[in-house]
Amino acid sequence: MKEDITYKDLDFRVIELDEEYFHCTFQHCDFTEIIFGKVNFEACRFISCNFSLCKMSGTSWNKVAFERCKLTGANFSASNKFTFSVAFSDCNLQYTSFQGLNMQGTHFDKCRIIEADFGQCNLKKSVFKDCDMTRSIFLKTNLEETDFTTAYNYLINPNENRLKKAKFALQGLPGLLAVYGIEVV
């Protein structure tokens, strides 16, 4: 197990990952197109790292923070579902898949969440603060008590998702009513 280590400016496409990382920080590291496998990250931070087109098959993300990271096309959906606890700040999550994950209480802060897949996720009590949600997919998703008050460009079908006590700002109404053909002016 690697513990309390800071990794800077490393290319993990040519460096083999260890099986466990605890309380480690990764800065400006490149993980592009890596298939992670059963790697365990606990209480780790990733700052300005590139995870484009990564696959996380059986990977554990427990209390992990991503800051200013590029996660374009990353596929988290096969991650270890029992230890999935993450937060994203100022990240690019374009085309990222979270399908079927329990993401209850996840915080997204100032992220570009373009065409991401949240189908069948549990996002109960999550927060999307100042996030662009253009063409992101919410299908059979638990969004109860989720805060969308400062999120924008989302389209959420109230008939296909659980929305009890979810929070939306008035300017977000078109994203909820579009499925009914209702135009808000």
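Reader: I would like to start with one residue. Which residues does Phe118 touch, apart from those up to four places away in sequence?

Author: Good place to begin! A contact list tells you who surrounds a side chain. In this predicted model, Phe118 touches Phe98, Met103, Phe108, Ile113, Leu123, Phe128, Met133, Ile137, Phe138 and Thr141. Phe118 itself sits in the loop between E9 and E10.

Reader: Is Phe118 buried or exposed?

Author: Here you compare relative accessibility with a cut-off: buried means under 20%. Phe118 is at 0%, so it counts as buried.

Reader: What is the distance in space between Phe118 and Thr96?

Author: For this, set the sequence separation beside the distance between C-alpha atoms. Phe118 and Thr96 are 22 residues apart in sequence, and their C-alpha atoms are 8.9 Å apart in space.

Reader: Which residues of the largest nonpolar core touch the most other members?

Author: A core is read as a network, and you look for its best-connected members. This one has 52 residues, and those touching the most other members are Phe26, Phe31, Phe46, Phe51, Trp61, Phe66 and Phe118. Strand E7 (60-67) and strand E8 (85-89) supply at least two core residues each. E7 gives the most, with three residues.

Reader: Where does Ser126 lie, and what does it touch?

Author: Ser126 is in the loop between strand E9 (107-109) and E10. With 0% relative accessibility, Ser126 counts as buried. Leaving out residues up to four places away in sequence, Ser126 touches Met103, Gln104, Gly105, Thr106, Glu145, Thr146 and Asp147. For one of these, Gly105, there is an atom-level detail: a polar atom of the Ser126 side chain lies 3.4 Å from the backbone nitrogen of Gly105.

Reader: Now the surface. Which residues form a nonpolar patch there?

Author: For a patch, read its members and their accessible area together. Leu170, Leu173, Val179, Tyr180, Ile182 and Val184 form one, with about 540 Å² between them. Take Leu170, in the loop between strand E10 (127-129) and helix H1 (173-177). Its relative accessibility is 70%, so Leu170 counts as exposed.

Reader: Why does Leu155 count as exposed?

Author: The cut-off for exposed is over 50%. Leu155 has 55% relative accessibility, and therefore counts as exposed. Leu155 is in the loop between E10 and H1. An exposed residue can still have a contact list, as this case shows: beyond its neighbours within four places in sequence, Leu155 is in contact with Ser136, Phe138, Pro174, Gly175 and Ala178. The C-alpha atoms of Leu155 and Lys125 are 19 Å apart, with their positions 30 residues apart in sequence.

Technical notes:
Residues numbered from 1 in each chain as written. Predicted model: local features only at pLDDT ≥ 70, side-chain atom pairs only at ≥ 80, totals over all residues. Heavy atoms only, no water. Patch = residues over 30% accessible without salt bridge, like charges linked within 9 Å, V, L, I, M, F, W, Y side chains within 5 Å. Areas by Shrake-Rupley, 256 points an atom, 1.4 Å probe, with all protein chains shown as cover. Salt bridge = Lys/Arg side-chain N within 4 Å of Asp/Glu carboxyl O. Helix = DSSP H or I, 4+ residues; strand = E, 2+ residues; numbered from the N terminus. Buried < 20%, exposed > 50% of the residue type's maximum accessible area, 1.4 Å probe, protein only. Polar contact = N/O pair within 3.5 Å; in protein donor to acceptor, adjacent residues only side chain to side chain. Contact = heavy atoms within 4.5 Å. Core = buried A, V, L, I, M, F, W, Y, C linked by side-chain atoms within 4.5 Å.
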